[in-house]
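Student: I am new to this structure and should like to examine it step by step. May we begin once it is displayed?

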Amino acid sequence: VDDARLQQILDDLQQKPATEKKSSRQNPPFSVKQIRIRQATLICRTDTELFRLPFAADMDRQDPPAHTTQLSFTITIFPREQEIRLSGMYDADAGTIRFELAASDINPRLFADHAPFLARLAPQTTINMNGSGTLRLNPFFPEELQGSVILQARQMTHRDITVSRDGETPFTLSFHATQPNSTEPLKFELNGSPLQLAVHSGGTKLHVHSSSFSVQGSLRPDLIDITSRCLLSLEMNHDDFQAKIPQCAVTIETTGKPGEGFHGRADIGIDAVSIIPPSGEVKISNSRLLLPFSLPFSEQTQEGKVTIEAIRWRDQLIGRFNGRINQQQKSMIMKGDFHTDFLPGARATTTMSADFNADKAKMDLAVDLPLTRLHNFSLRQLLPAAADMVVSGALAAKAGMTFADDKPTGTGQITVHEGAVELAGRKTAITGIETAITFPNLPRLRSAP
């Protein structure tokens with residue numbers, strides 16, 4: 001209390017005997033039974049804008065003598081001529097507020113002047129919300145909260161990317177949280193209903209199906225701990241190739257302190273990947289990505305790992321991959337080694353970088369196989385039609401691809417030094433081969449003249 005005279009009055013009241021307090025206490029000659037507010041406006045100001053919220057409110061004191069400390073209330077706001085209603089009961093003796101929240105057919109596009117990205121939603125997009133809870137007042141903490149949000153969104157566009165929902169079932173996100181007392185953390189859980197999306201960009205079409213989605217965590221003033229899990233399947237169609245991932249399990253663990261940043265780890269496991277370019281189907285089995293991260297970026301972020309147990313081309317086992325991945329500002333850098341049983345001792349170095357800082361995402365991939373000696377290597381394993389062909393010599397290869405502007409482009413080159421080809425059983429051999437074959441239009445395996 002800043003007023004010295006008021007503080008003196010409060011001190012005097014505390015020093016008076018209890019009997020004197022009781023004798024001097026007087027009740028006002030009236031009480032409030034109801035309060036009604038109609039056609040009112042709440043004026044909200046920020047640093048950059050001002051907006052008005054029309055509202056109405058009701059408050060009713062419950063009939064004595066049983067409910068002299070209970071007040072029921074209803075507050076209804078009308079943003080952009082839509083309706084959001086909050087109702088509940090205040091119990092002074094119990095020190096609680098129980099409430100319910102309801103909003104139907106809210107059109108988020110009507111708020112595009114405050115959040116421009118909402119204008120990209122389809123006009124028929126609507127949101128339905130409902131919730132309830134119990135708040136403790138002394139001390140204040142949310143004892144229990146629950147609710148759901150139903151999103152009926154047909155389509156959203158951003159530049160040349162269009163995201164649309166497959167099927168008629170809307171997406172539902174349910175929420176539940178509890179906090180037994182003020183000293184324990186608030187524990188919460190979110191669950192999402194199955195969702196099917198179609199993403200179109202240029203000549204690429206991506207179908208995403210989420211069969212399960214959940215977020216669990218705990219909140220404290222000094223610590224936030226969140227674990228997210230999602231089970232996905234993906235299918236991509238492009239002019240030059242197709243790709244399918246029947247099942248992808250994603251787990252993201254995040255821990256941090258408000259105002260100090262967050263750190264965590266993403267664990268992505270994929271049982272199988274099928275890629276079908278014109279040159280033949282490539283199958284990838286049992287791949288896993290472990291990626292530590294920090295927000296904002298920190299130089300002390302640990303290194304992640306990438307493993308692929310088996311890579312097959314045209315049903316032939318080609319090899320396996322082990323790599324390392326690092327976070328760098330708004331990009332990811334991966335380096336690894338590809339080992340193959342076809343060429344004992346051979347090791348191809350692979351480098352991939354994904355840049356998310358530009359207006360459009362970009363990914364670069366480079367593969368380099370240093371000079372490797374072959375001795376009586378049969379092509380039967382790769383090309384059954386060339387089963388009688390045996391090659392020897394020194395082989396080197398390199399390739400680079402860029403994924404940008406919704407189109408993969410790349411080049412590759414194979415160099416042969418002191419090569420020899422022998423047709424088994426025909427006593428025919430070609431020796432002294434020196435050549436370099438260039439592929440200017442990867443992923444198409446079509447050599448240059």
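Student: Which residues does Val273 touch, not counting residues up to four places away in sequence?
Tutor: In this predicted model, Val273 lies in strand β16, which covers residues 261–276. Leaving out residues up to four places away in sequence, the residues it touches are Lys244, Ile245, Val282, Lys283 and Ile284.

Student: Is Val273 buried or exposed?
Tutor: The cut-off for a buried residue is a relative accessible area under 20%. Val273 has 11% relative accessibility, so it counts as buried.

Student: How far apart in space are Val273 and Ile245, C-alpha to C-alpha?
Tutor: Ile245 is among the residues that Val273 touches. The two are 28 residues apart in sequence, yet their C-alpha distance is 4.9 Å.

Student: Where is Phe439, and is it buried or exposed?
Tutor: Phe439 belongs to strand β25, residues 428–442. Its relative accessible area is 16%. Since the limit for burial is under 20%, Phe439 is buried.

Student: What distance separates the C-alpha atoms of Phe439 and Thr411?
Tutor: Along the chain, Phe439 and Thr411 are 28 residues apart. In space, their C-alpha atoms are separated by 5.5 Å.

Student: How many bridges join β23 to β24?
Tutor: Strand β23 (residues 389–404) is joined to strand β22 (residues 362–378) by 12 bridges, and these two run antiparallel; Asp368, for example, has Lys398 in β23 as its bridge partner. Strand β23 also runs antiparallel to β24 (residues 407–423). There, Thr402 has Thr409 in β24 as its bridge partner. The number of bridges joining β23 to β24 is 15.

Student: Which residues touch the most other members of the largest nonpolar core?
Tutor: The largest nonpolar core has 33 residues. Within this core, the residues that touch the most other members are Phe321 and Phe377.

Student: Which residues is Phe321 in contact with, leaving aside its neighbours within four places in sequence?
Tutor: Once neighbours within four places in sequence are left aside, the contacts of Phe321 include Val306, Thr307, Ile308 and Ile311. The others are Met334, Gly336, Asp337, Phe338 and Thr350.

Student: Which residues make the nonpolar surface patch of about 210 Å²?
Tutor: One member, Val32, is in the loop between α2 (18–24) and β1 (34–45). Val32 counts as partly exposed because its relative accessibility is 43%, and partly exposed lies between the limits of 20% and 50%. The patch is made by Val32, Ile35 and Ile37.

Methods:
Residues are numbered from 1 along each chain as its sequence is written. This is a predicted model: local features need pLDDT of at least 70, side-chain atom pairs count only at pLDDT 80 or more; totals for chains, interfaces and linings use all residues. Side-chain values use heavy atoms; hydrogens and water are left out. Patches are made of residues with over 30% relative accessible area and no salt bridge: like charges are joined within 9 Å, nonpolar side chains (Val, Leu, Ile, Met, Phe, Trp, Tyr) within 5 Å. Accessible areas come from the Shrake-Rupley method with a 1.4 Å probe; for residues, only the protein chains shown count as cover. A salt bridge is a side-chain nitrogen of Lys or Arg within 4 Å of a carboxyl oxygen of Asp or Glu. Helices (H or I, at least four residues) and strands (E, at least two) are DSSP runs, numbered from the N terminus. Buried means under 20% relative accessible area, exposed over 50%, partly exposed in between (1.4 Å probe, protein chains only). A nonpolar core is a set of buried Ala, Val, Leu, Ile, Met, Phe, Trp, Tyr and Cys residues joined through side-chain atoms within 4.5 Å. Contact means heavy atoms within 4.5 Å. Two strands pair if DSSP finds at least two bridges between them.
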